[in-house]
Amino acid sequence: MDDMKEFSRIYQQEAEERLAEIEETVLEIEENPEDQEAVNRLFRAVHTIKGSGAMFGFTDIADFTHHLETALDKVRNGTLTVTKELIDLILKSRDHIKNILGGISTGEQYDQEEGAGIIAALNSLFPAEKGDDRTVDQTVSDDAKAAVETTYRIRFKPFPTLFLNGTDPMLLFEELRTMGECNITPILRDLPAINDLNPEHCYISWDIILTARTGIDTIKDVFIFVEDICELEVDVIDREGDFEGDRRLGEILVERNDLSREEINKTLNKQKKLGELLVEAELVEKEIINSALTEQKQIKTIRDKRMQDAKASSIRVAAEKLDTLVDLVGELVTTQARLSQFSMNKSDQELMSIAEDVERLTSELRDNTMSIRMMPIGTTFSNFKRLVRDLSSELGKEIELITEGAETELDKTVIERLGDPLMHLIRNSLDHGIESPEKRLESGKPRKGTIILKAEYKGAYVVITINDDGNGLKVEAIKAKAIEKGLISKETELSDKEAFNLIFKPGFSTAETVSSVSGRGVGMDVVKRTIESLRGSIEIDSVRGKGSTIRLKLPLTLAIINGLLVTIGSGYYVIPLAAVEECVELTREIVEKSHGSNILNLRGEIVPYIRLRERFGIGDDKPDLEHIVITDVHDKRIGFVVDNVIGGHQTVIKSLGPAFKQMKNLSGATILGDGTVALILDVNTLV
Amino acid sequence: MSKVIMTVDDSISIRQMVSFSLKKEGYDVVEAVDGVDAMKKLNEGNPVHMMITDLNMPNMDGIELIKNVRTNAKYKFMPIIMLTTESQEERKQAGKSAGATGWIVKPFNPEQLLGVIRKVLK
């Protein structure tokens, strides 16, 4: 609020200046009443005093000045002539405003009667107009009464000139999306042929079905800036609590026992759907039908959901059944890839269209199946609260566990296998990280230590952080221990980060005394191995005296990923698409220019690249034109040179089996449509 | 990169209030005292992503400024918000036909200002 005080100080200064300007200008006008520029200047000065006065809460000034402004506006457009009387009144008004202003700093009350007198005199100069007075727009919000869930149909048909005043319709849709469930269907029927198309014009209109707990006025307000450059219809099509739905003819017949449900269904199946009939009869475009169907669907979903909420129905299913389902979907994805490839080779139109349908269905089925397996991580979190409570009292420490992002969802398998490593990391923080209350007070920290356990989405990954405000890691102690254990030699130069990573080495423990809590140092290497087996990574960061942060990065799902299929030599490889940023060509010319430095100039940015052909020791028959897949690894851009980029690929991950366990650069394999095996590259370890 | 918003107003107190509120939200702000100053800064300075202009200003008023800005291919589709008062219905219409994207009625507070910006600036 100090800002406001500062603003009002600036305003007072400004108003003083404007008042001086008014005095000067009025005298000019008295000498030369025809001076239009002076009249404009006078109007602006008054306008500023009024406008800014209202902004900074000087309503007295704003209200009074409003009457002066009205009079001057009439002078400006020629309906009121400048007389000596008017000049006197303006000067009087000016003095009055100055008095009010002065009163603000001194706290003195100004003469209100004087103001009223001036206003009356000003108003007597011209006939009063209707609606001229300030009408404060008291829009009564209809939101209060519309707290019930309501579905609206919004038909938004902008004029072609929509873009020419800088409107971006997408922002309007985004605003609607924040209100509730929103389905938007674009209507393209007015789109002209490309030759007649003016790219600066908007030819699209939109049908929007919105379910929200807001009133109709709030929705219309979204379109307030475009209301006179569009046709807008907003209608309520469903409201919670209203009696729902008319009964259909068939339902009535069944209820009266005139017909059986089967008989009706049989007859119905013979009949084409209304939408198809209408489109066939060319009465209406397909997109219009689609828009109407969207509306129908959303209302149905909303109503169904309401029914379901009432029943709160869910089914418990044995976990193995889900696992089998995922396996089957995996097989299906592989088979579907085969079908797609086969149909491509046959170039049979009908077969291709069937293959495309299967592809679409498969990917929907896959997403659905995966989403069934997703579980909120919160279930694991709640176990830890208890753990922290019990252990901290056992250790004589005061520790609070704060959890964030409990609703973050991860694959069931990932969550199950994450329990132990997380438990271990939290125990470590409890035991080694957070100090005893006495020690904490000595170093100026609050008695109570805090451990924050947080989960959040980062692209195709979930990042879990465990942060404590304890003592941090002792780099020297770690190094000494590592030397003692023979993990590094005395001369090894290590950055802090490298030193921290030593604690993940097998057989490492820095706890001076072995306690029942953090065990015997068999932990951290096991933690790391578990996380890596989940195709995740672990990172540790620590500031001495301030605390440590451990970051686990885990893939959302284990079974199927989106990959980029590439070839090197005769082999196929898959790069996880989540890491890929773009692909560029690597011509012989570029290679020669870089003088063997394996560095690419990508739009001015230096990007190093790795030749996978060399890395994998594949023979020397490389093509003239190679490709670089640019990836984002540990927030750095790195290119991988391959022979050919084939394209996106639904990758069902198969593990490589124990014989290949030491293969660091591969995270698995997948089977392509034609039965070929493609290896999945682990970009994190390749770098 | 943060978005650049130009505030055009002959009233220093309004400019300061707009500027302060926007900077607090992470926008970069360019101030101009009237239409002529605004045109000069648009043509010479760094690109601007949005403009907030008063209507009553000396030298070149807001309506004329909006018209001029819209003739520049670079700013043809830029969001422009005009500051109006409730008694200026006519001027508001003129501003709209000149190509203003939206408006704010004075007096307004910083939240209202930011609400309008979110409506028009991506």
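This passage describes the nonpolar cores of a predicted model and the interface between chain B and chain A.

Residues are numbered from 1 along each chain as its sequence is written, chains are lettered from A in the order in which they are written, and side-chain values use heavy atoms, with hydrogens and water left out. Because the model is predicted, local features need pLDDT of at least 70 and side-chain atom pairs count only at pLDDT 80 or more, whereas totals for chains, interfaces and linings use all residues.

The largest nonpolar core (buried Ala, Val, Leu, Ile, Met, Phe, Trp, Tyr and Cys residues joined through side-chain atoms within 4.5 Å; buried means under 20% relative accessible area, 1.4 Å probe, protein chains only) comprises 78 residues. A:I22, B:L22, B:M51, B:I52, B:V69 and B:I117 touch the most other members. Helix 2 of chain A (residues 36-55; helices are DSSP runs of H or I, at least four residues) gives the largest share of this core, 8 residues. A second, separate core holds 44 residues, among them A:I377 and A:F508.

The contact (heavy atoms within 4.5 Å) takes 38 residues from chain B and 34 residues from chain A. About 3,100 Å² is buried between the two chains (accessible area lost on being put together, 1.4 Å probe, summed over both), 59% of it on carbon and sulfur atoms. Between chain B and chain A there are 5 salt bridges (a side-chain nitrogen of Lys or Arg within 4 Å of a carboxyl oxygen of Asp or Glu). A salt bridge joins the side chains of A:D168 and B:K122, at 3.2 Å from N to O. Helix 1 of chain B supplies 7 residues, the largest share of the side of chain B that touches chain A.

Definitions and conventions:
Buried means under 20% relative accessible area, exposed over 50%, partly exposed in between (1.4 Å probe, protein chains only). Helices (H or I, at least four residues) and strands (E, at least two) are DSSP runs, numbered from the N terminus.
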